[in-house]
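Thanks for making the time this morning. I would like to walk through one structure with you, so please have the sequence and the model open while I talk.

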Amino acid sequence: MTPAKHISQVAPKPIVWTIAGSDSGGGAGIQADLATIKDLGGHGCSVITTLTAQSSVAVDLVEPVSDAMLLTQLSTLLADLPPQAIKIGLLANQQQLHLVADWLAGFKTQFPLVPVILDPVMVASCGDELGDKSTASRPLDFTPFKGLISLITPNVQELARLTVAKDIQASPLHTKAAFAAAAMQLSVQLACSVLAKGGDIDFAAQASTGINTTDILSDHKSGITSHRIATDNQRLAEDLLICHQVTGCSPLDANGGFWLSSARINTRHNHGSGCTLSSAIASVLAFGFVLQDAVVVAKAYVNQGLTYAEGIGKGPGPLARTAWPHSLTAFPHVTAYSQNSLSESSDLQCCAFKRLDPDLGIYPVVDNLLLLEQLLAAGVRTVQLRIKSNALKSNALASDELEAQIQTAIALGKHYDAQLFINDHWQLAIKHGAFGVHLGQEDLAVTDLNAIHAAGLALGISSHGYFELLRAHQHAPSYIALGHIFPTTTKQMPSAPQGLCKLTHYVELLKAHYPLVAIGGIGPSNLAQVKATGVRNIAVVRAITETIDPVMALAELTRAWESSL
Ligand SMILES: Cc1ncc(COP(=O)(O)OP(=O)(O)O)c(N)n1
Ligand SMILES: Cc1nc(C(=O)O)sc1CCOP(=O)(O)O
Ligand SMILES: [Mg+2]
């Protein structure tokens with residue numbers, strides 16, 4: 001594996017707190033959390049709730065710290081090292097839980113935006129209970145955390161204990177439907193997102209009930225994308241993410257549900273995998289990624305850790321520490337979860353889209369034929385016609401006129417032998433034989449990608465973060481756009497600008513697989529910084545359209561891009 005570059009090399013080191021128990025064996029708890037936070041480039045601070053005399057095979061003694069010690073750790077840290085994210089793990093008893101929840105309520109009034117991840121740890125991987133004696137007879141009630149946490153990460157046993165609805169409690173959570181119902185229930189109960197970890201369940205065994213466990217294997221380099229049902233040798237580990245009012249992402253995903261599937265990694269060295277996952281999510285959030293992005297990066301980190309884990313001691317060993325994940329194969333496959341549908345993968349096409357030269361040239365995005373023709377005549381090689389349908393609604397353009405413009409644009413593109421992409425209007429692009437179509441994430445759900453593929457058109461897909469770029473990758477497009485890098489006034493964006501640090505990571509992950517295009521707020525003043533991230537193409541609107549001489553502007557951008565290192 002190539003050594004991965006820490007995000008901390010390109011971004012300031014965020015402070016991440018872990019409020020959790022000590023595992024004297026070093027594989028889980030505070031010890032796993034601090035190792036994870038450091039490995040992902042953060043600075044870890046610890047608030048110890050409980051001491052455990054623990055090895056890889058047994059938990060011999062559990063001793064909560066005093067209330068005074070718990071509260072003083074919190075106040076001492078807050079005075080000097082306020083967190084960018086908090087992970088909460090083992091709480092020894094209900095009294096401790098109340099103390100932490102009350103403290104958190106006060107903290108949140110001061111720092112409402114700091115994300116808090118709760119890993120409701122109850123049982124060690126060796127099977128021993130981790131709470132004090134009071135919790136063995138009565139499971140903890142996490143209701144005091146309602147409205148205070150961003151995400152809870154139960155495994156299947158914890159999910160069953162935490163969901164109070166009688167019908168859910170009565171049935172074991174061994175089917176996808178029951179598991180999903182419990183996760184949704186918990187999301188409502190605690191008013192937070194839920195990552196329900198299905199690693200301990202074999203949903204594939206439920207395939208006979210008609211539930212589709214289709215896996216997608218996509219290799220864009222060889223141009224092959226294939227789908228197959230998981231067999232015994234290729235079992236899937238499937239987690240369900242239920243989002244609750246997530247901000248900073250596409251509104252379509254803010255309350256979405258997603259299955260995250262990875263090939264099951266055959267190892268018994270998984271001690272501390274839950275602690276590692278939750279502290280990794282907190283660490284990635286601390287760098288300013290949105291929740292869905294943090295979850296898929298943390299999943300990839302755990303997958304890598306399991307893959308390279310080695311035994312230490314007689315029992316299950318800890319996960320390997322493999323730094324920020326930069327390999328697409330470590331990332332999960334994302335499928336939308338729909339309550340109304342048992343089959344979640346019906347929209348997949350079978351092959352990769354048309355392959356392009358990774359260097360597209362400066363890629364202008366324009367909204368009129370006059371400018372399009374000027375740029376084509378000036379020798380532009382890749383260009384997009386982006387006529388938004390709100391231009392239609394305001395009656396600026398009737399639909400037959402839109403079709404005529406698209407038809408003319410396509411003819412011009414052919415005449416000048418350019419790669420002309422039509423934004424949004426994929427049916428017209430197919431009808432008139434365009435070179436390609438550009439689609440956003442919202443468009444994907446309402447587009448017949450099979451039809452675009454069958455017509456032989458190239459496909460470009462927008463993305464705004466890890467989660468969206470995985471979704472784009474699963475369609476094996478001709479290029480992936482990464483936006484918006486800097487603030488833009490051309491379009492209202494639901495997400496924050498990605499910035500150069502995140503762009504560097506996306507490029508590292510995808511550059512061997514796709515032509516990549518950075519977009520959003522790019523122009524002469526920042527183009528060299530963008531090029532330094534390793535991205536090979538930029539798409540621009542205002543840097544061309546808002547100049548007095550667009551042809552000259554294109555020539556200047558091209559010269560500056562080619563001469564930048
Ligand atoms: C090259 C390129 N990248 C991104 C976009 C944006 O596409 P989309 O998200 O569909 O948004 P609209 O352009 O339709 O508003 C793009 N057009 N081109
Ligand atoms: C159309 C568009 N899509 C974006 C994305 O991030 O998906 S940003 C963007 C507008 C880019 O315009 P300018 O170069 O004027 O900032
Ligand atoms: Mg669009």
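**Two ligands, a barrel and a sheet**

Let me begin with the residues that form the shell around ligand 1, which divide into six nonpolar, five polar and five charged. Before going further, I should say that this is a predicted model, and everything that follows should be heard with that in mind.

Staying with ligand 1, there are 16 residues around it, and those that come nearest are Gln384, Arg386, Lys388, Ser462 and Lys491. Two of these lysines make polar contacts through their side chains: a polar side-chain atom of Lys388 lies 2.5 Å from an oxygen atom of the ligand, and for Lys491 the distance from a side-chain N or O atom to an oxygen atom of ligand 1 is 2.5 Å. The backbone takes part as well, in that a polar backbone atom of Gly440 is found 3.0 Å from an oxygen atom of ligand 1. Taken on its own, ligand 1 has 420 Å² of accessible area, and the protein covers 93% of that. As for where the shell comes from, strands β16 and β18 each supply at least two of its residues.

Those two strands bring me to the barrel. Eight strands close into it, in the order β13-β14-β15-β16-β17-β18-β19-β20, and the pairing is parallel. From one strand to the next, the twist averages 25°. If we look at one pair in detail, β16, which spans residues 436-439, and β17, which spans residues 458-463, are joined in the parallel sense over four bridges. Within that pair, which residue of β17 is the bridge partner of His438? The partner is Gly460.

Helices pack on these strands, and I will mention two of them. Helix α17, residues 499-510, packs on the sheet and touches β18 (479-482) and β19 (516-519), with a direction that makes about 170° with that of β18. Helix α10, residues 369-377, lies across β13 (363-366), β14 (382-385) and β15 (419-423), and runs at about 160° to β13.

Now to the second ligand. Around ligand 2 there are 14 residues, of which His464, Thr488, Thr490, Gly521 and Arg542 come nearest. How do these shell residues divide by character into nonpolar, polar and charged? The division is four nonpolar, seven polar and three charged. Both threonines approach through their side chains, Thr488 placing a polar atom 2.6 Å from an oxygen atom of ligand 2, and Thr490 placing an N or O atom 2.5 Å from an oxygen atom of ligand 2. With Gly521, a polar backbone atom is 2.7 Å from an oxygen atom of the ligand. The accessible area that ligand 2 has on its own is 430 Å², and the protein covers 95% of it.

Finally, there is a further sheet to describe. This is an open sheet of ten strands with mixed pairing, in the order β3-β2-β1-β4-β5-β6-β7-β10-β11-β12. Its edge strands, each pairing on one side only, are β3 (59-64) and β12 (333-336). Inside the sheet, β5 (residues 116-118) and β6 (residues 151-152) run parallel and are joined by two bridges, and Ile117 stands opposite Leu151 in β6. Helix α3, residues 94-110, packs on this sheet, touching β1, β2, β3, β4 (85-88) and β5, and its direction makes about 170° with that of β4. Helix α2, residues 67-80, lies across β1 (15-23) and β2 (43-54), running at about 165° to β2.

Methods: Residues numbered from 1 in each chain as written. Chains lettered and ligands numbered in written order. Predicted model: local features only at pLDDT ≥ 70, side-chain atom pairs only at ≥ 80, totals over all residues. Heavy atoms only, no water. Pairing = 2+ DSSP bridges. Axes fitted to C-alpha atoms, helices over the stretch in contact; angles between N-to-C directions. Contact = heavy atoms within 4.5 Å. Near = heavy atom within 4 Å. Polar contact = N/O pair within 3.5 Å; in protein donor to acceptor, adjacent residues only side chain to side chain. Areas by Shrake-Rupley, 256 points an atom, 1.4 Å probe, with all protein chains shown as cover. Nonpolar A, V, L, I, M, F, W, Y, C, P; charged D, E, K, R; others polar.
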